[in-house]
Amino acid sequence: MDEKAREAVKLQQVEANYRNHTWNLRSSLGYVVTYNGKEKRRYISGMNYGDEATEAIKKWLDEVNKSGTSIVFADGMFYASFVSSKGYDVLDTAQSYLVKALNGRK
């Protein structure tokens, strides 16, 4: 699951269809893999692009509900949902890719 989730994040960074002025949206992408309510893996992309983005995603991933077994994608920037609401692809490609990859579809 961790390998496929990481592939999904990398694909998302390439496929995102918004203008990336600061690199904060792309550098604050990440996920946690949970198993039986415990965090097993955490990945934060592009931690070299800025303290604001890194701290935002760390905080969000610390606070996310980790019950059950799952993969939770997140973008730590406060405006990610606003960009997404305008029709831009902030996490959609990553989610779609992961569903297909884990279900064995192309």
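User: What makes S1 and S2 a strand pair?

Analyst: In this predicted model, S1 and S2 pair in the antiparallel sense over 6 bridges. The cut-off is at least two bridges, so they count as paired. Among the contacts, Thr34 stands opposite Glu39 in S2. The hairpin of S1 and S2 has 2 residues between the strands, and Asn36 takes a positive phi near 50° there.

User: In which sense do S1 and S3 pair?

Analyst: They pair in the antiparallel sense, over 6 bridges. One of the bridge partners is Asp75 in S3, opposite Leu29.

User: Why is S1 called largely enclosed?

Analyst: Because 6 of the 7 residues of S1 are buried.

User: How many aromatic pairs are there?

Analyst: The count is 3 aromatic pairs. One of them is Tyr31 with Tyr43, at 5.6 Å centre to centre and 35° between the planes.

User: Why is the pair of Tyr31 and Tyr43 called tilted?

Analyst: Stacked needs under 30 degrees and edge-to-face needs over 60. The 35° of this pair meets neither, so it is tilted. Tyr31 sits in strand S1 and Tyr43 in strand S2, 12 residues apart.

User: How do you know that Tyr43 is buried?

Analyst: Its relative accessible area is 15%. Buried means under 20%, so Tyr43 qualifies. Tyr31, at 0%, is buried too.

User: What makes the pair of Tyr31 and Phe73 edge-to-face?

Analyst: The ring centres are 6.1 Å apart, within the 6.5 Å limit, so the rings pair. The planes stand at 75°, over 60, so the pair is edge-to-face. Phe73 lies in strand S3, so the pair ties together parts 42 residues apart in sequence. Tyr31, Tyr43 and Phe73 form one aromatic cluster.

Note on methods: Residues numbered from 1 in each chain as written. Predicted model: local features only at pLDDT ≥ 70, side-chain atom pairs only at ≥ 80, totals over all residues. Heavy atoms only, no water. Phe/Tyr/Trp six-rings, centres within 6.5 Å; stacked < 30°, edge-to-face > 60°. Helix = DSSP H or I, 4+ residues; strand = E, 2+ residues; numbered from the N terminus. Buried < 20%, exposed > 50% of the residue type's maximum accessible area, 1.4 Å probe, protein only.
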